[in-house]
Amino acid sequence: MVMTKAAVDAWKNIVERLEKDADDTHLRVGIKGGGCSGFIKKIDFCNTQDITDKDMVEDFEEIKVIVDMKSMMFLSDAVIDYKDGLMGAGFIIEIPSATNSCGCGDSFSM
């Protein structure tokens with residue numbers, strides 16, 4: 001898994017704006033069943049106390065990305081990026097090994 005410089009910078013900016021302790025706020029990435037293509041990519045906040053022994057922790061600069069072991073099977077070659085354009089801004093997860101993707105890019109199949 002890779003996290004681009006744009007994604008790292010965007011995450012740092014978001015966490016700096018939170019009223020919470022930035023050192024205790026991490027990025028959780030996961031895959032859930034569903035969507036029009038079979039699987040849905042999920043991005044959320046994660047606090048340190050929510051990390052379990054079933055999670056893997058990847059470090060990118062000072063950022064910890066938390067991924068559950070089942071999701072890591074799908075995310076091993078993933079690229080976490082941040083796009084900011086006319087149609088909106090946000091984090092995206094690109095998975096090169098995905099065989100199909102829906103039109104909106106949130107759902108994929110393997």
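Here is a friendly exchange about a predicted model and the terms used to describe it.

Reader: Let's start with the overall layout. What makes up the secondary structure of the protein, and in which pattern along the sequence?

Author: The protein has 2 helices and 9 strands. Along the sequence they follow the pattern β-α-β-β-β-β-α-β-β-β-β. Buried residues account for 32% of the 110 residues. The accessible surface is about 6700 Å², and carbon and sulfur atoms hold 53% of that. Among contacts between residues at least 6 apart in sequence, 49% join residues at least 24 apart.

Reader: How do you know that strand 4 and strand 5 pair?

Author: Pairing needs at least two bridges between the strands. Strand 4 (residues 55-60) and strand 5 are joined by 6 bridges, so they pair by that rule. They run antiparallel, and Val67 in strand 5 is the bridge partner of Met56. The two strands form a hairpin with 2 residues between them. In the turn, Glu61 has a positive phi of about 55 degrees.

Reader: And what makes strand 2 a partner of strand 5?

Author: The cut-off is again at least two bridges. Strand 2 (residues 25-34) is joined to strand 5 (residues 63-68) by 3 bridges, so this pair qualifies too. Here the strands run parallel. One of the bridges has Leu27 with Val65 in strand 5 as its partner.

Reader: Why is Lys64 called partly exposed?

Author: The partly exposed class lies between the buried limit of under 20% and the exposed limit of over 50%. Lys64 has a relative accessibility of 33%, so it counts as partly exposed. Lys64 is found in strand 5. Leaving aside neighbours within four places in sequence, its contacts are His26, Leu27, Val57, Glu58 and Asp59.

Reader: What makes the pair of Lys64 and Asp59 a salt bridge?

Author: A side-chain nitrogen of Lys or Arg has to be within 4 Å of a carboxyl oxygen of Asp or Glu. For Lys64 and Asp59 the closest N and O atoms are 3.2 Å apart, so the pair meets that limit. The side chains of Lys64 and Asp59 are also joined by a polar contact of 3.2 Å. In general, side chains of opposite charge can pair when their charged atoms come close.

Reader: How many salt bridges are there in the whole structure, and which one has both residues in helix 1?

Author: A search of the whole structure finds 6 salt bridges. Lys5 and Asp9 both lie in helix 1 (residues 5-17), 4 residues apart, which is about one turn of the helix. The closest N and O atoms of their salt bridge are 3.0 Å apart. Lys5 has a relative accessible area of 53%, so it is exposed. Asp9, with 35%, is partly exposed.

Reader: What does the salt bridge between Glu61 and Lys12 tie together?

Author: The closest N and O atoms of Glu61 and Lys12 are 2.7 Å apart. Glu61 lies in the loop between strand 4 and strand 5, while Lys12 is in helix 1, so the pair ties together parts that are 49 residues apart in sequence. Lys12 is partly exposed, with a relative accessible area of 23%. A network of salt bridges links Lys12, Glu61 and Glu62.

Reader: Turning to the interior, which residues have the most contacts inside the largest nonpolar core?

Author: The largest nonpolar core has 20 residues, and those with the most contacts inside it are Met1, Met3, Val29, Val65, Val67, Leu75 and Ile80. Helix 1, strand 2, strand 5 and helix 2 (69-75) each supply at least two residues of this core. Helix 1 gives the most, with 4 residues. Leaving aside neighbours within four places in sequence, Met3 is in contact with Val8, Trp11, Leu27, Phe60, Ile63, Val65 and Ile80.

Reader: Asp81 is a nice last case. Why is Asp81 called buried?

Author: Buried means under 20% relative accessible area. Asp81 is at 10%, so it counts as buried. Asp81 lies in strand 6 (residues 79-85).

Reader: Which side chains make polar contacts with the side chain of Asp81?

Author: One is the side chain of Thr4, at 2.7 Å. Another is the side chain of Lys83, at 3.2 Å. Both values fit the polar-contact limit of within 3.5 Å. Leaving aside neighbours within four places in sequence, Asp81 is in contact with Thr4, Ala6, Ala7, Gly90, Phe91 and Ile92.

Technical notes
Residues numbered from 1 in each chain as written. Predicted model: local features only at pLDDT ≥ 70, side-chain atom pairs only at ≥ 80, totals over all residues. Heavy atoms only, no water. Buried < 20%, exposed > 50% of the residue type's maximum accessible area, 1.4 Å probe, protein only. Contact = heavy atoms within 4.5 Å. Areas by Shrake-Rupley, 256 points an atom, 1.4 Å probe, with all protein chains shown as cover. Polar contact = N/O pair within 3.5 Å; in protein donor to acceptor, adjacent residues only side chain to side chain. Core = buried A, V, L, I, M, F, W, Y, C linked by side-chain atoms within 4.5 Å.
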